[in-house]
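Here are a few short exercises with worked solutions. Take a look at the model first, then work through them.

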Amino acid sequence: HVRQLYALVSETLRYSPVLEKLLAGAALLQAEKKLPPQLAKVLVYDLLFGKGLKCGGRWKLVARRHRARLEAELARLKVQRKVSRNEDLLAPAQAAGPGAPQVPRYVRVNTLKTCVDDVIDFFKRQGYSYLGQAASMEDLRAISGKKFLLDLHLPELLVFPPQTDFHDNLLYTSGHIILQDKASCLPAFLLSPAAGSHVIDACAAPGNKTSHLAAILKNKGQIFAFDVDTKRLATMNTMLMRAGVTGFQLAQQDFLTVDPADPKYSKVTYILLDPSCSGSGMVNRVPREEAAPSAERLQALASFQRKVLSHALSFPALQRLVYSTCSLHREENEDVVHAVLQERGLAFRLVNAFPSWPCRGLAAFPGAESCLRASPADTLTHGFFVAVLERLGEVAAAPSSLPTAAEENLQHGEGAAPKKRKRKKQREN
């Protein structure tokens, strides 16, 4: 019981910010005025997140009387933050547990509603100190307190210290900023669809990459977004509307059932494919006790990933495709790309994407270094894998090793600051 109690208290501390919101929302302390606040946190954690410690006495009975209200408040908080798992309510460093790499809080400026300069000014008015553009990974690693930087690789990404919480910030609730890990920003950035293009987001929910695509397209063009989960699509629709995204069609459909010959998709020239994977690279989604996926599980995932990647490459007008996963396993990454290229190698080639990115693909086959990898230790992000494929021959646009935005940055030095934009007349208070 002593060990159980110690573990319970430790986890309660980890979830403390979430528990405070639940207690306030359910008004538990107002209803039970004799219940000590710290004990209330332990009891609520035990009821909603724990494994059911068999002690607690009369206070546990008191907390159970309010269980329905607490569960309703937890559900409301998940909807508000657009997450489906309890673990996802935590800031990355909290969720990863003690000793885990400290991943900064990345904030993508939603250029459909604002610009980088105005967002920087907003945060400065809130008491944050802007340190300019990062010159190296060490700058990102050293950031602390109420300070923030412009990322050295992505032109519309701001970097704050780990555990900085913006879920209640006006810019977040109004859709002016998107809380998105840096590695998760790479797929849309590297796909770099031209304004006016038709794009498929094959496995789209929860929608951060879709909104990023819309921002790159400047809402000029068409995005077809697919996902099989009704609830995730509903949440995604709300998020896209809040972000000011237009010109998108959501479909509750398995991408493998989409007919590439359908005239509706005859102008699709770009596809972003981020299929289901083991999630082994997600710092805040893998519990410390969770075992690595079995060989059978990896084999099943890789089989699906090969099938969906091959299907995506069969769209007749496709010019560029980005394949990405949040997995660390070669079986889901380099091996999948290699297998599909062997099938379709006469039609598509692997592009040497973002040459300045420090982490490359594993040496699984000749040319695998053209792929990108990301990790908490090396790039201060979640674990990620990205491969860019382009069609060979006359159909494809002139091949390049980088999207236009990235090429411009490198011409002015890695991570050059974005051009000054005209300020909006209406600015946030």
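**Exercise 1: the strand β1**

R105, V107 and V109 point to one side of β1, Y106 and R108 point to the other, and all are buried (buried is under 20% relative accessible area, exposed over 50%, partly exposed in between, with a 1.4 Å probe and protein chains only). The model is a predicted one, where local features need pLDDT of at least 70, side-chain atom pairs count only at pLDDT 80 or more, and totals for chains, interfaces and linings use all residues. Residues are numbered from 1 along each chain as its sequence is written, and side-chain values use heavy atoms, leaving out hydrogens and water.

Task: Which strands pair with β1, and in which sense?

Solution:
1. Get the terms straight: strands (E, at least two residues) and helices (H or I, at least four) are DSSP runs numbered from the N terminus, and two strands pair if DSSP finds at least two bridges between them.
2. Four bridges tie β1 to β4 (residues 157–160), antiparallel; here R108 has L157 as its bridge partner.
3. Three bridges link β1 with β5 (residues 177–179), also antiparallel, and V109 partners I177.

**Exercise 2: backbone oddities**

Task: Where does the cis peptide bond sit, and what is phi of Q163?

Solution:
1. Recall that most residues other than glycine have a negative phi, and most peptide bonds are trans.
2. The cis bond joins A205 and P206, with omega about 10°; P206 is in the loop between β6 and α12.
3. Phi of Q163 is near 75°, and Q163 lies in the loop between β4 and α10.
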